[in-house]
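This report describes the fold, the charged pairs and the nonpolar surface of one protein chain. The account begins with a single residue and widens from there.

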Amino acid sequence: MPITRLSSKGQVVLPKAVREALALEPGDELWVEIEDGTIRIVPRKKHRLEEVLGRLPGHPPRKHFDKAEELLDAEREEARKRWTR
């Protein structure tokens with residue numbers, strides 16, 4: 001398991017092996033959650049469709065979600081509405 005340190009500025013460097021395994025790039029957003037005294041860092045990758053829909057007339061930009069579960073729930077609900085019309 002890779003090890004990292006917390007800097008004096010509160011920054012954490014993700015080890016190269018972790019960045020490569022998750023295909024993380026500079027500027028990628030990460031959710032940081034605390035769960036039972038454990039820190040979870042979850043990558044939030046923008047979907048290309050999400051980027052395009054936010055620019056089309058009649059499709060407002062997507063809402064920002066603070067937790068990965070909220071985004072997944074919203075995407076599931078949106079898919080359910082589309083398929084049950």
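## Arg 40 and its surroundings

Leaving aside residues up to four places away in sequence, Arg 40 touches Trp 31, Val 32, Glu 33, Glu 35 and Glu 69. The model is a predicted one. Arg 40 itself belongs to strand β2. Its relative accessible area is 31%, and because this value falls between the limits of 20% and 50%, Arg 40 is classed as partly exposed. The C-alpha atom of Arg 40 is separated by 9.7 Å from that of Leu 30, a residue 10 places away along the chain.

One of the residues touched by Arg 40 is Glu 35, and the side chains of Arg 40 and Glu 35 are joined by a polar contact of 3.3 Å. The pair also qualifies as a salt bridge, with 3.3 Å between the closest N and O atoms. Glu 35 has a relative accessibility of 41% and is therefore partly exposed. The arrangement extends beyond a single pair: a network of salt bridges links Glu 33, Glu 35 and Arg 40.

## Overall architecture

The protein chain contains 3 helices and 2 strands, arranged along the sequence in the pattern α-β-β-α-α. Of its 85 residues, 12% are buried. The chain exposes about 7700 Å², of which carbon and sulfur atoms supply 56%. Among contacts between residues at least 6 apart in sequence, 23% join residues that are at least 24 apart.

Strands β1 and β2 run antiparallel and are joined by 7 bridges. They form a hairpin with 2 residues between the strands, in which Asp 36 takes a positive phi near 55 degrees. One of the pairings across the hairpin is that of Val 32 with Ile 41 in β2.

## Salt bridges

The count of salt bridges comes to 4. Three of the pairs are set out below with their N to O distances.

| Pair | N to O distance |
|---|---|
| Lys 16 and Glu 20 | 3.8 Å |
| Glu 29 and Arg 44 | 3.7 Å |
| Arg 40 and Glu 35 | 3.3 Å |

Lys 16 and Glu 20 lie in helix α1 (residues 16-21); because they are 4 residues apart there, about one helical turn separates them. Both Lys 16 and Glu 20 are exposed.

What does the salt bridge between Glu 29 and Arg 44 tie together? The side chains of Glu 29 and Arg 44 meet at 3.7 Å, N to O. Glu 29 lies in strand β1 (residues 29-35) and Arg 44 in strand β2 (residues 38-44), so the pair ties together parts that are 15 residues apart in sequence.

Is Arg 44 buried or exposed? Its relative accessibility is 7%, and Arg 44 therefore counts as buried, the limit for that class being under 20%. Its partner Glu 29, at 41% relative accessibility, counts as partly exposed.

## The nonpolar surface patch

Which residues make the nonpolar surface patch? Leu 30, Val 32, Ile 34, Ile 39 and Ile 41 make a patch of about 530 Å². Strands β1 and β2 each supply at least two of its residues, and β1 gives the most, with 3 residues.

Val 32 is one of the patch residues and is placed in strand β1. At 60% relative accessibility, Val 32 counts as exposed, because the limit for that class is over 50%. Its bridge partner in β2, Ile 41, is also a member of the nonpolar patch.

A general point about strands bears on this part of the description. In a regular strand, side chains alternate between the two faces of the sheet.

## The hairpin in summary

The two strands bring together several of the features described above. Val 32 and Ile 41, bridge partners across the hairpin, both take part in the nonpolar patch. Glu 29 in β1 and Arg 44 in β2 are joined by a salt bridge. Arg 40, in strand β2, belongs to the salt-bridge network with Glu 33 and Glu 35.

Methods
Residues numbered from 1 in each chain as written. Predicted model: local features only at pLDDT ≥ 70, side-chain atom pairs only at ≥ 80, totals over all residues. Heavy atoms only, no water. Buried < 20%, exposed > 50% of the residue type's maximum accessible area, 1.4 Å probe, protein only. Patch = residues over 30% accessible without salt bridge, like charges linked within 9 Å, V, L, I, M, F, W, Y side chains within 5 Å. Areas by Shrake-Rupley, 256 points an atom, 1.4 Å probe, with all protein chains shown as cover. Pairing = 2+ DSSP bridges. Contact = heavy atoms within 4.5 Å. Polar contact = N/O pair within 3.5 Å; in protein donor to acceptor, adjacent residues only side chain to side chain.
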